[in-house]
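Visitor: I am new to this structure and would love a close look at one part of it. Could you pick a single piece and walk me through its surroundings?

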Amino acid sequence: MDIRANARSVIESSAMTTIAERGEFPHVLLVEDNQGDATLIKLAFKRAGLPGKITIAETGEIGLDILRGEGEHGRGRHPDIVLLDLNLPKMHGLAFLKLVKGDPQTAPIPVVILSSSSAEAEVIAGYACQASGFITKPFCLDDYEEVVSGIGAYWFKLVQTPATHDMSDNVSPARAGISSR
């Protein structure tokens, strides 16, 4: 069976609904080293009326540990979405994105770049690395709230996702017909 047929059977075997339809609270992984921006994003989620869990990783390495359930971060439910800053200490955001999208366990998780840059070269590079979106960071809380409301409306209320988010329950790459080259 080819990869598409295997992927189709995996998708058909899981209940595809939105996070809101399942009554789940969204889990957001925010990979952001700027404490001020992280605080604004958390406040924006609260003001937008989007309940959920926001986990902050100050480096790409910590973000990868959280996604992979390694180290002190344990195992649990995968985040529903990753909001990613590009200018991070130690590991640039694009390097983080390449690692996330190159791992069959984490590749399906949407990663939206949230950057202070709006340079066309960075936008192109982000999408070339399989970003799910690219948003330029706003300057004030009201604008952050508008961005977060848009993210919530699209990713939590409109987009259908597999019902299973528990990392211990993931479909193995072999079952999904994906090689781990």
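Guide: Here is a walk around one strand, its sheet and the helices beside it. Please keep in mind that this is a predicted model.

Let's start at strand 2, residues 27-31. Five of its five residues are buried, so the strand is largely enclosed by the rest of the structure. Both of its faces are covered: Val28 and Leu30 are buried on one side, and His27, Leu29 and Val31 on the other.

Now look sideways. Strand 2 pairs with strand 3 (residues 53-57) in the parallel sense, over five bridges. Along this pairing, His27 stands opposite Lys53, and Val31 stands opposite Ala57. The two strands belong to an open sheet of five strands in the order 3-2-4-5-6, with parallel pairing. Strand 3 and strand 6 (133-136) are the edges, each pairing on one side only. On average, neighbouring strands of the sheet are turned by 20° against each other, direction ignored.

Next come the helices. Helix 4 (residues 60-68) lies across strands 2, 3 and 4, running at about 155° to strand 2. Helix 7 lies across strands 2, 4, 5 and 6, at about 150° to strand 4.

Helix 7 (residues 141-156) also packs against helix 3 (residues 35-47), at an angle of about 60° and with the axes 8 Å apart. That angle makes helix 3 oblique to helix 7, and their crossing is right-handed. Among the residues making the contact are Leu40 and Phe45 of helix 3 and Tyr144 and Val148 of helix 7. The contact residues divide into nine nonpolar, four charged and no polar.

Key: Residues numbered from 1 in each chain as written. Predicted model: local features only at pLDDT ≥ 70, side-chain atom pairs only at ≥ 80, totals over all residues. Heavy atoms only, no water. Axes fitted to C-alpha atoms, helices over the stretch in contact; angles between N-to-C directions. Helix = DSSP H or I, 4+ residues; strand = E, 2+ residues; numbered from the N terminus. Parallel < 35°, antiparallel > 145°, perpendicular 65-115°, else oblique. Left-handed = near helix turned anticlockwise from the far one by under 90°. Contact = heavy atoms within 4.5 Å. Nonpolar A, V, L, I, M, F, W, Y, C, P; charged D, E, K, R; others polar. Buried < 20%, exposed > 50% of the residue type's maximum accessible area, 1.4 Å probe, protein only. Pairing = 2+ DSSP bridges.
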